[in-house]
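I opened this structure for the first time and kept notes as I went. The entries follow in the order I looked things up.

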Amino acid sequence: MVKAMASFAEPVLSTSLSTCPCRIYTRKPLIVPLFSEYSSLRLVSDTKPLFRSGLGRVSVKRCFLTSVARAESDQLGDDDNSKGIDRIHSLQNVEDKQKNASQLKKRVIFGLGIGLAVGCVVLAGGWVFTVALAASVFIGSREYFELVRSRGIAKGMTPPPRYVSRVCSVICALMPILTLYFGNIDIWVTSAAFVVAIALLVQRGSPRFAQLSSTMFGLFYCGYLPCFWVKLRCGLAAPALNSGIGRTWPILLGGQAHWTVGLVATLISFSGVIASDTFAFLGGKAFGRTPLTSISPKKTWEGAFVGLVGCIAITILLSKYLSWPQSLFSSIAFGFLNFFGSVFGDLTESMIKRDAGVKDSGSLIPGHGGILDRVDSYIFTGALAYSFIKTSLRLYGV
């Protein structure tokens with residue numbers, strides 16, 4: 001009976017479908033394979049009109065419709081399908097390349113704009129530098145507490161209440177301003193941490209240690225550590241007497257007295273961090289083979305070594321140009337600390353984002369992500385640079 005059904009289906013299907021005005025005419029017969037219990041073809045019986053044509057309704061009251069479609073695809077469309085798939089893949093590759101090029105262009109444009117703005121703020125110093133840093137700290141702390149509240153981290157812990165997160169963000173933003181005004185904010189930071197801890201302990205519900213630890217780390221990471229940049233830029237006011245650029249600096253902009261140890265050290269440290277990130281990225285692309293850590297799989301030991309060499313080289317060149325510090329060994333040590341602080345800060349933020357299950361801390365800067373994504377390499381670097389100058393350089397390296 002199966003052979004009879006197949007012999008009946010072959011002439012009907014080859015003639016009726018080829019004469020349909022809505023299909024491409026072909027002289028090739030559509031051969032329907034024999035049905036068996038192992039066949040993947042299934043019977044379809046549909047008496048409803050499936051489509052319209054210029055001649056009116058076309059009703060398909062045929063069995064073996066699924067068999068016809070598959071047989072037609074096998075006989076007529078194998079080559080065309082493969083060519084179509086190759087074309088789709090090529091178009092997708094072109095689209096991905098255009099998207100990556102556009103994103104790279106956006107990153108370069110915004111990166112240059114941010115670099116120019118930051119350079120002007122660093123040169124201005126004083127309240128301009130401090131207020132700009134406080135604004136960045138406020139946005140960065142908001143991003144940090146949003147990461148803590150995200151699904152990835154909150155899945156294994158209880159995040160702090162929102163009102164505590166907002167209060168902590170304000171406290172972090174006030175820390176740089178208090179540092180500029182008072183110089184030392186240890187008492188203020190301790191008092192703020194004590195008040196926040198009490199607020200967490202007396203909250204409704206069941207207080208958790210995870211809430212306390214994540215909040216205390218946020219105050220330290222987002223608020224206290226960035227204050228060392230204020231101490232470095234504005235606190236080290238000793239003039240860099242040997243700096244050649246200070247002698248030609250316009251008097252209206254402060255003259256030679258404007259070029260202090262703090263300004264020179266901040267410029268060199270910022271440049272070292274930028275060189276570290278740039279050379280590490282290029283070195284990893286060119287020579288990267290051995291993963292540095294599982295926290296950030298794209299970072300490699302080869303890229304880190306190239307970043308270290310680039311950071312030290314830029315630090316030495318700027319030290320010779322700005323005549324600070326005087327010792328070559330001090331310049332190498334300063335470059336090494338800048339590199340170490342940069343890598344450590346980058347990995348710390350990568351660990352937080354990895355636990356949170358996100359790629360970027362935010363979307364404030366197009367092509368770059370959030371504030372934390374841009375300043376993570378600077379968070380620990382300021383504290384290391386300031387401590388090195390205060391404890392290891394005689395007469396602040398002048």
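**Entry 1: a buried glutamate**

I started with Glu349, which counts as buried because its relative accessible area is 1%. I was working from a predicted model. Glu349 belongs to helix H13. Which residues does Glu349 contact, leaving aside its neighbours within four places in sequence? I found Tyr221, Ser361, Leu372, Asp373 and Asp376. I marked Tyr221 for a later entry.

**Entry 2: the helix around it**

Next I checked the length of H13. The helix has 29 residues, and at 1.5 Å a residue it should span 42 Å. Its end C-alpha atoms are 42 Å apart, so the expected span and the model agree.

Then I looked at the two ends. At the N-terminal end of H13, Ser327 acts as the cap. A side-chain oxygen of Ser327 lies 3.3 Å from the backbone nitrogen of Phe329. After H13 comes Gly357, and its phi is positive, near 75 degrees.

**Entry 3: the whole chain**

I stepped back to the overall counts. I noted 15 helices and 2 strands in the protein chain. The chain has 398 residues, and 39% of them count as buried. I also looked at contacts between residues at least 6 apart in sequence: 68% of them join residues at least 24 apart.

**Entry 4: the cores**

Which residues touch the most other members of the largest nonpolar core? I listed Tyr144, Met175, Leu219, Tyr221, Leu232, Trp324 and Ile389, out of 59 residues in that core. Several helices give two or more residues to this core, including H4 (126–148), H8 (209–224), H9 (227–235), H11 (261–287), H13 (328–356) and H15 (381–392). A second, separate core has 5 residues, among them Ala304, Leu308, Ile312 and Phe339.

I followed Leu232 further. Leaving aside its neighbours within four places in sequence, I found Leu232 in contact with Gly262, Ala265, Thr266, Ala385, Tyr386 and Ile389.

**Entry 5: helix H9**

I asked how many residues of H9 are buried. The count is 7 of its 9 residues, so I wrote the helix down as mostly covered. The buried ones are Cys227, Phe228, Trp229, Val230, Lys231, Leu232 and Arg233. Lys231 caught my eye in that list. The charged end of Lys231 sits over the ring of Phe228, 4.8 Å from the ring centre.

**Entry 6: aromatic rings**

I turned to the rings and noted 18 aromatic pairs in the structure. I took Tyr221 and Phe380 as one example. Their ring centres are 6.1 Å apart and their planes stand at 55 degrees, so the pair is tilted. Tyr221 lies in helix H8, and Phe380 lies in the loop between helix H14 (371–375) and H15. The pair therefore ties together parts that are 159 residues apart in sequence. Tyr221 has 0% relative accessibility, so it counts as buried. Phe380 is at 14% and also counts as buried, because the cut-off is under 20%.

My second example was Trp229 with Phe270. This pair is edge-to-face, 4.8 Å centre to centre, with 90 degrees between the planes. Trp229 lies in helix H9 and Phe270 in helix H11, so the pair ties together parts that are 41 residues apart in sequence. Trp229 is buried, at 4% relative accessible area. Phe270 is buried too, at 16%.

Which residues form the aromatic cluster with Tyr221? I wrote down Tyr144, Phe145, Phe217, Phe340, Phe344 and Phe380 beside it.

**Entry 7: a buried serine**

I looked up Ser141, which sits in helix H4. Is Ser141 buried or exposed? Its relative accessible area is 0%, so Ser141 is buried. Leaving aside its neighbours within four places in sequence, Ser141 is in contact with Ser169, Cys172 and Cys222.

**Entry 8: two tryptophans**

My last stop was Trp249, in the loop between helix H10 (244–247) and H11. Trp249 and Trp259 are 10 residues apart in sequence. In space I found them 8.5 Å apart, C-alpha to C-alpha. With its neighbours within four places in sequence left aside, Trp249 is in contact with Leu123, Gly254, Gly255, His258 and Trp259.

Technical notes
Residues are numbered from 1 along each chain as its sequence is written. This is a predicted model: local features need pLDDT of at least 70, side-chain atom pairs count only at pLDDT 80 or more; totals for chains, interfaces and linings use all residues. Side-chain values use heavy atoms; hydrogens and water are left out. A nonpolar core is a set of buried Ala, Val, Leu, Ile, Met, Phe, Trp, Tyr and Cys residues joined through side-chain atoms within 4.5 Å. Buried means under 20% relative accessible area, exposed over 50%, partly exposed in between (1.4 Å probe, protein chains only). Helices (H or I, at least four residues) and strands (E, at least two) are DSSP runs, numbered from the N terminus. Contact means heavy atoms within 4.5 Å. Rings of Phe, Tyr and Trp (its six-membered ring) pair if their centres lie within 6.5 Å; planes under 30 degrees apart count as stacked, over 60 as edge-to-face and the rest as tilted. A charge sits over a ring if NZ of Lys or CZ of Arg is within 6 Å of the ring centre and within 35 degrees of the ring normal. The expected span of a helix is 1.5 Å times one less than its number of residues. A polar contact is a pair of N or O atoms within 3.5 Å; within protein, one must be able to donate a hydrogen and the other to accept it, and residues adjacent in sequence count only if both atoms are side-chain atoms.
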